[in-house]
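Let us take a walk through this structure together. Please have the sequence and the 3D view ready, and follow along at your own pace.

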Amino acid sequence: MKISDIARAAKLFRKKTKADLLPPPAEKRPRHIAFIMDGNGRWAKKRSLPRSAGHAAGTEALREIIRACDEFKIEIMSIYAFSTENWNRPADEVQTLMKLITKYFLSEIDELMEKGVRIRILGDLDAFPDEQRQALITAQERTKDNKGLKLNIALNYGGRMEIIRAARALSEKCVKGEMKPDDISVETFSLETYTKDDKDVDLLIRTSGEKRLSNFLLWQTWYAEIIFSPVYWPDYNRDELIKDLHEYASRDRRFGKVKDK
Ligand code: IPE
Ligand code: IPE
Ligand code: MG
C-alpha cells in the first residue's frame, strides 16, 4: 500500500471537528506551545491497521493543529517529529516516518508560505538521506524571513545532545578568547540551543496518556505548564487544543513567587 492510500484511508477514521468551541482570550493563551505527538502506533493497533497508517493519520492531525495555532495567533509551536532514540525502531518504520515527514512538509510548503509560517528544524539533519535533508533545508531557507507562526520541527532531536552541543560551542568560544566563563548566562546559553532566541515553552502537551518528557526540549521547558492528554495524536484536533488552552488559562503560573492577591 502506498503512503498516500494509507493517509486517505486513515483520514476516514478521523472524527469531524466541531467549530462551536472558542479558545480563551488572547492574553491568556500561551506564546510557545510544544507538542509531543504520541500514540500513532496505538491508534493504528486499535483499528487493526499497520503502524504506518497511524503515522499517516498523525500528519492529518498535525495539519489541523498547525492551522489552529495559526488561527489562535500562537507565536511559537514546537513539534517532536523524530527523536534521537527513534532510530532504534525497525528500519522500515524509520524509513516510513522520514518519508512521511518530508513529503508532508513539501506538500504543505505553499500553504505555510501563504500563512507566513517560519520553519526551523531543531536537531541534526546530517543523518538524513541527502534528498530529504536538502528538502528540509530548502523549506527552512524559503520561510526564514516569514513573520507569522514560528514552527519548530524537532527531527533527529535529543534534549541532552542539544545541551551538550551548546556547552561545547560556549567552551570553544572561551578557549578562543571570544568570551569568558563568567559570560555564560541563561541568555548566552539559550542562543547556542536550536531554539536560539525563541521564548521558552509556556505549555507542553503530550498526547496518548504517557507521562514523560522523552528527551524533548529539556532546557526550554524549565517552567512550562504540562498537560498529558489521554487522546492519541491522530485523534487530537482543534477542539482538544481549545480544551487544553482553557486548562492552561486556568493554571496559576507563580514562577516561585507568592500568589498575587
Ligand atoms: C508517535 O507515535 C510518533 C513518533 C514517535 C514519530 P508512536 O509511534 O510513538 O506511537 P505509540 O506510542 O507506539 O502508540
Ligand atoms: C517521543 O515519543 C518521540 C516523538 C513523539 C517523536 P516516543 O513514543 O518515541 O517516546 P517513548 O518511547 O514513549 O518515551
Ligand atoms: Mg510513542
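The paragraphs below visit two ligands and the residues around them.

Before setting off, keep in mind that this is a predicted model. A good place to begin is the largest pocket, whose space is taken by ligand 1. Ligand 2 sits in the largest pocket too.

Start with ligand 1. Its surroundings include a run of residues that you can pick out in the sequence: Met37, Asp38, Gly39, Asn40, Gly41 and Arg42 are among them. Arg51, His55, Ala81, Asn86, Arg89 and Leu97 also belong to the residues around ligand 1. If you sort this shell by class, you find three nonpolar, five polar and four charged residues. Two helices are worth highlighting in your view: α2, spanning 40–46, and α3, spanning 51–71, each supply at least two residues of the shell. Of the shell around ligand 1, α2 gives the largest share, with three residues.

Now zoom in on the oxygen atoms of ligand 1. A polar atom in the side chain of Arg42 lies 2.7 Å from one such oxygen atom. The side chain of Asp38 also has a polar atom at 2.9 Å from an oxygen atom of ligand 1. With Asn40 it is the backbone that takes part, as one of its polar backbone atoms is 3.2 Å from a ligand oxygen. How much of the accessible area of ligand 1 does the protein cover? On its own, ligand 1 has 380 Å² of accessible area, and the protein covers 87% of it.

Next, turn to ligand 2. Around it you will find Ile36, Met37, Asp38, Tyr80, Ala81 and Phe82, together with Asn86, Arg89, Arg206, Arg212 and Ser214. This shell has five nonpolar, two polar and four charged residues. Which element gives the most to the shell around ligand 2? That is strand β2, made of residues 76–83, with three residues.

Here, too, the oxygen atoms of the ligand deserve a close look. An N or O atom in the side chain of Ser214 is 2.6 Å from an oxygen atom of ligand 2. For Arg89, a side-chain N or O atom is 3.2 Å from an oxygen atom of ligand 2. Asp38 appears again: a polar atom of its side chain lies 3.2 Å from an oxygen atom of ligand 2. Taken alone, ligand 2 exposes 390 Å², and the protein buries 77% of that.

To finish, return to Asp38 in your view. Its side chain has a polar atom 2.9 Å from an oxygen atom of ligand 1, and a polar side-chain atom of Asp38 lies 3.2 Å from an oxygen atom of ligand 2.

Note on methods. Residues are numbered from 1 along each chain as its sequence is written. Chains are lettered from A and ligands numbered from 1 in the order in which they are written. This is a predicted model: local features need pLDDT of at least 70, side-chain atom pairs count only at pLDDT 80 or more; totals for chains, interfaces and linings use all residues. Side-chain values use heavy atoms; hydrogens and water are left out. A residue is near a molecule or strand if one of its heavy atoms lies within 4 Å of it. A polar contact is a pair of N or O atoms within 3.5 Å; within protein, one must be able to donate a hydrogen and the other to accept it, and residues adjacent in sequence count only if both atoms are side-chain atoms. Accessible areas come from the Shrake-Rupley method with a 1.4 Å probe; for residues, only the protein chains shown count as cover. On a 1 Å grid over the protein atoms alone, a cavity is a set of points where a 1.4 Å probe fits but cannot get out, and a pocket is an open set with protein on both sides within 12 Å along at least five of seven lines; lining residues have an atom within 4 Å of a point. A molecule sits in a cavity or pocket if more than half of its atoms lie within 2 Å of its grid points. Helices (H or I, at least four residues) and strands (E, at least two) are DSSP runs, numbered from the N terminus. Ala, Val, Leu, Ile, Met, Phe, Trp, Tyr, Cys and Pro count as nonpolar, Asp, Glu, Lys and Arg as charged, and the others, Gly among them, as polar.
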